[in-house]
Amino acid sequence: MCTAAAYKTKDFYFGRTLDYEFSFGDQVTITPRNYPFRFRFQGTMETHYAMIGMAHVADDYPLYYEAVNEKGLGMAGLNFVGNAHYGEKADGKDNVAQFEFIPWILGQCASVKEALRLLEQVNLVNTPFSESLPLAQLHWILADRDEAVTVESVLSGIHVYPNPAGVLTNNPPFPEQMFNLNNYMHLSPKDPENCFSDKLSLKTYCRGMGALGLPGDLSSQSRFVRAAFVKLNSVSGDSEEESVSQFFHILGSVDQQKGCSDLGNGNFEMTLYTCCCNGDKGIYYYTTYGNHQITAVDMHREDLEGTRLIPYPLVQKEQILYQN
Ligand SMILES: C[C@H](CCC(=O)NCCS(=O)(=O)O)[C@H]1CC[C@H]2[C@@H]3[C@H](O)C[C@@H]4C[C@H](O)CC[C@]4(C)[C@H]3C[C@H](O)[C@]12C
């Protein structure tokens, strides 16, 4: 399972947890403006917006899981197994292979509004990257500082939904996730009143009882409710440290500990990494399952006019600050 969120204080923040049982070989990867993106059907994009995100680099190509571009537009792909559907190449459309979707949008669009125009032309094609890297079944959250949308390519075509929660997890399809929130509208960060019966003198016996009933399990529907509740009620200062810290706390609410989702044969789903990108400053912050210290890569410290990918291997080992 995975969870993604968009968050705004003074700056715009965008990130996700990536939950899986193994790593594909992830690297924080900067694609500078003049790296040529060779699309399978759309020719070569010689220049484009620079972007930074987590990717598996194969054959010198950045297979992004999520990224933000230098204009502050963010996009993340999350599993949508059993529902995602990509078609054949179609005439008169922008034919974009599923693994090319993030570069296609982030390379050309400065905002969600611009992306919406481009999306009208997109046909997501079922061409795999390679035999060893087959199609991933994903849906996407696309967000800037003003709005977020969810993009789902299913049998009936591409659907784009406004995402006022600014959160995405996995199944079921997005409209069902949003509808399910109706079941939780009684949740509150404030203490509850006794609405049960005026014949009983019920009272609160501890703090936090307003959110009694917030689902605590790891299912994608429960994580959606939890992340939305935590994010939408989140309060933080707007300095960089306070915002980044709060963002990691929001996604901490859906963190998956190894052992709690048993896939059999000794495999467990867990949060392999959590990231938070400052979309305004182009800084990618991350923690990994084994390293809770926040590590950062700033794309503006690199030559963004370059032509070659700039990958940073993840710092995976726990960094403990001994105070004595
Ligand atoms: C596994 C990742 C999604 C995590 C997630 O949503 N987990 C939930 C599991 S589930 O609901 O319980 O099944 C997805 C997100 C992005 C994906 C990667 C990106 O799409 C980039 C390439 C795309 C290639 O087609 C396959 C390899 C790959 C490198 C993908 C591997 C894998 O499918 C990734 C890493």
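This briefing walks you through two pockets, a strand, a helix and one exposed lysine. The model you are looking at is predicted, so treat it as a computed picture. Rolling a probe the size of a water molecule over the atoms shows where empty space is left. With that idea in mind, let's start with the pockets.

**The largest pocket**

- About 800 Å³ of space lies inside the largest pocket.
- Its lining is made up of 33 residues, and those nearest the centre are Phe24, Asn79, Ala136, Gln137 and Leu138.
- Five elements each give two or more residues to this lining: strands E2 (12–20), E7 (61–69), E8 (74–79) and E11 (138–143), together with helix H1 (101–108).
- Strand E2 supplies the largest share, with four residues.
- Sorted by class, the lining has 20 nonpolar, nine polar and four charged residues.

**The second largest pocket**

- The second largest pocket has a volume of about 260 Å³.
- Among the residues that line it are Pro192, Glu193, Asn194, Cys195 and Phe196, and further along the chain you can find Leu202, Lys203, Thr204, Met209 and Leu212.
- Six of these lining residues are nonpolar, two are polar and two are charged.

**Strand E9, covered on both faces**

- Strand E9 spans residues 94–97, and it is a nice one to look at from both sides.
- Asp94 and Val96 are buried on one side, while Asn95 and Ala97 are buried on the other.
- E9 runs parallel to strand E10 (residues 122–125), and four bridges join the two.
- Within this pairing, Asp94 stands opposite Val122 of E10.

**Helix H2, with a buried side**

- Which residues of helix H2 (residues 112–119) are buried? They are Val112, Ala115, Leu118 and Leu119.
- These buried residues lie on the same side of H2 because they cover an arc of only 115° around the axis.
- Lys113 and Arg117 are exposed, and they sit on the face turned away from the buried side.
- The buried residues of H2 pack against H1, E10, E11, strand E12 (148–154) and strand E13 (157–162).

**Lys317, an exposed residue**

- Look for Lys317 in the segment after strand E20 (310–313).
- Is Lys317 buried or exposed? Its relative accessibility is 65%, so Lys317 counts as exposed, given that exposed means over 50%.
- Lys317 and Asn291 are 26 residues apart in sequence, yet their C-alpha atoms are 5.2 Å apart in space.
- Leaving aside neighbours within four places in sequence, Lys317 is in contact with Gly290 and Asn291.

How values were computed:
Residues are numbered from 1 along each chain as its sequence is written. This is a predicted model: local features need pLDDT of at least 70, side-chain atom pairs count only at pLDDT 80 or more; totals for chains, interfaces and linings use all residues. Side-chain values use heavy atoms; hydrogens and water are left out. On a 1 Å grid over the protein atoms alone, a cavity is a set of points where a 1.4 Å probe fits but cannot get out, and a pocket is an open set with protein on both sides within 12 Å along at least five of seven lines; lining residues have an atom within 4 Å of a point. Grid points are joined across faces, edges and corners, and a volume is the space filled by probe spheres set on the points. Ala, Val, Leu, Ile, Met, Phe, Trp, Tyr, Cys and Pro count as nonpolar, Asp, Glu, Lys and Arg as charged, and the others, Gly among them, as polar. Buried means under 20% relative accessible area, exposed over 50%, partly exposed in between (1.4 Å probe, protein chains only). Two strands pair if DSSP finds at least two bridges between them. The arc is that of the directions from the helix axis to the C-beta atoms. Contact means heavy atoms within 4.5 Å.
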